[in-house]
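Me: Please take a close look at one part of this model. I would like one connected answer on a covered helix and on what lies around it.

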Amino acid sequence: MRAQSSAIAPSRIAVTPSNGTSTGSSGTTAAGTLQAALGVVAFSLTFPATAWGLEGFGPWSLVAVRSVLAALIAGGCLLALRVPVPARRHWPGLAVVAAGVVVGFPLLSTLALETSTTAHAAVVVGLLPLTTALFSALRMGTRPSRTFWAAALAGAAAVAAFTVQQSGGALSTADLYLFGALLVCAAGYTEGGRLARVMPGWQVIGWALVLCLPLALPAAALALSYEPLRLTAHSVAGLLWVAAGSQFFGLVVWYRGMAAIGIPKASQLQLAQPLLTLVWSVLLLDEHLTVAAPLTAAAVLVCIAVTQRARG
């Protein structure tokens, strides 16, 4: 396959200026917002699905096998559509995406969920929008308004207060895993959003997954040989969702949405993710929520309305 040409047809993507916001039509903005929202819904199921997967897989096995399955899906799509190999200049960015969203976040969050409830983890991950906006500002020179930052910081403060209150005033090992996951995921989101401005979003995550396959295959074989395996309906369903739903479909629509409406505003839509995950944790895992969890999730939802009205 030949290297992908740097010429991009104007009808394929929205033109995005250096500040990370889209200059496309209102229809393009609405479509981008919808796609980013679909990504958030897919991501909101990740923690409950991971908890299901851990019922039958060890943490290392679950992460490695999900990466292999997602890479096979992505590679099959790339081959079927005869997608050309990206230009050499794009591979460092794809490596950042792979390290952040294919390896780093899945592994660290899975390790955290061995000792943390999905509800607690979901609220902590509510810090991801602010973290992504910070990475975007550093990497791409975005300059959101003061109102935008004030609302984002308010949402982050609510999440931080919840974390300290739930952990008894001290951070747990699971919290450290989750904060590490936030950093690597934000880096992957930012780089993926940048690349999605020059190639279709599904190709960004597709090539990142394929890039990890040579490492994921032996890692899966090694992990499965050491960790116990017990296939159940829950564990298989959880594995399939995190591989196909979270790792591929969710990231495809997420990166397309970021390319259309800009990384800072798209990232703020993820403030809704904790509340959605709380709903799934009750419905799918029968977890019992403290009053602080839904109140914190509701507080960050208010921040969404403010950040979406603030002009970046």
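Reply: A residue counts as buried when its relative accessible area is under 20%, and as exposed when that area is over 50%. Note that this is a predicted model.

Start with helix α2, residues 46–53. This helix is mostly covered, with seven of its eight residues buried. The buried ones are Thr-46, Phe-47, Pro-48, Ala-49, Thr-50, Trp-52 and Gly-53. Their cover includes α1 (26–44), α3 (59–80), α4, α5 (118–124), α10 (233–261) and α12 (273–285).

Now take one residue of α2. Phe-47 has 5% relative accessibility, so Phe-47 counts as buried. Its ring forms an aromatic pair with Phe-105. The centres are 6.3 Å apart and the planes differ by 15°, which is a stacked arrangement. Phe-47 sits in α2 and Phe-105 in α4, so the pair links parts of the chain 58 residues apart. Phe-105 is buried as well, with a relative accessible area of 13%.

That pair leads into helix α4, residues 91–112. The axes of α4 and of α9 (residues 201–226) come within 8 Å. They cross at roughly 80°. An angle of 65 to 115 degrees counts as roughly perpendicular, so α4 is roughly perpendicular to α9. On the α4 side, the contact is made by Trp-91, Leu-94, Ala-95, Val-97, Ala-98, Val-101, Val-102 and Val-103. On the α9 side, the residues are Val-204, Ile-205, Trp-207, Ala-208, Leu-209, Leu-211 and Cys-212. In this contact, 15 residues are nonpolar, none is polar and none is charged.

Val-101 and Ile-205 of that contact come up again in the largest nonpolar core. This core has 76 residues. Those with the most contacts inside it are Val-101, Tyr-189, Ile-205, Trp-254 and Tyr-255. Look at Tyr-255, leaving aside its neighbours within four places in sequence. Tyr-255 touches Val-97 and Val-101, and also Val-204 and Ile-205. Its other contacts are Gly-188, Tyr-189, Gly-192, Gly-193, Ala-196 and Gly-201.

Tyr-189 deserves a separate look. The structure holds five aromatic pairs. One of them joins Phe-43 and Tyr-189, stacked, at 6.1 Å centre to centre and 20° between the planes. Phe-43 lies in α1 and Tyr-189 in α8 (residues 173–195), so this pair ties together parts that are 146 residues apart in sequence. Both rings belong to buried residues: Phe-43 has a relative accessible area of 6%, and Tyr-189 is at 4%. Phe-43 and Tyr-189 form one aromatic cluster with Trp-254.

For contrast, turn to two loop residues. Arg-82 lies in the loop between α3 and α4. Its phi is positive, about 50°, although Arg-82 is not a glycine. Arg-82 has 73% relative accessibility, so it counts as exposed. Asp-286 is placed in the loop between α12 and α13 (292–309). Here phi is near 60°, again a positive value in a residue other than glycine. Asp-286 has 57% relative accessibility, so it too counts as exposed.

Notes:
Residues numbered from 1 in each chain as written. Predicted model: local features only at pLDDT ≥ 70, side-chain atom pairs only at ≥ 80, totals over all residues. Heavy atoms only, no water. Axes fitted to C-alpha atoms, helices over the stretch in contact; angles between N-to-C directions. Helix = DSSP H or I, 4+ residues; strand = E, 2+ residues; numbered from the N terminus. Parallel < 35°, antiparallel > 145°, perpendicular 65-115°, else oblique. Contact = heavy atoms within 4.5 Å. Nonpolar A, V, L, I, M, F, W, Y, C, P; charged D, E, K, R; others polar. Buried < 20%, exposed > 50% of the residue type's maximum accessible area, 1.4 Å probe, protein only. Phe/Tyr/Trp six-rings, centres within 6.5 Å; stacked < 30°, edge-to-face > 60°. Core = buried A, V, L, I, M, F, W, Y, C linked by side-chain atoms within 4.5 Å.
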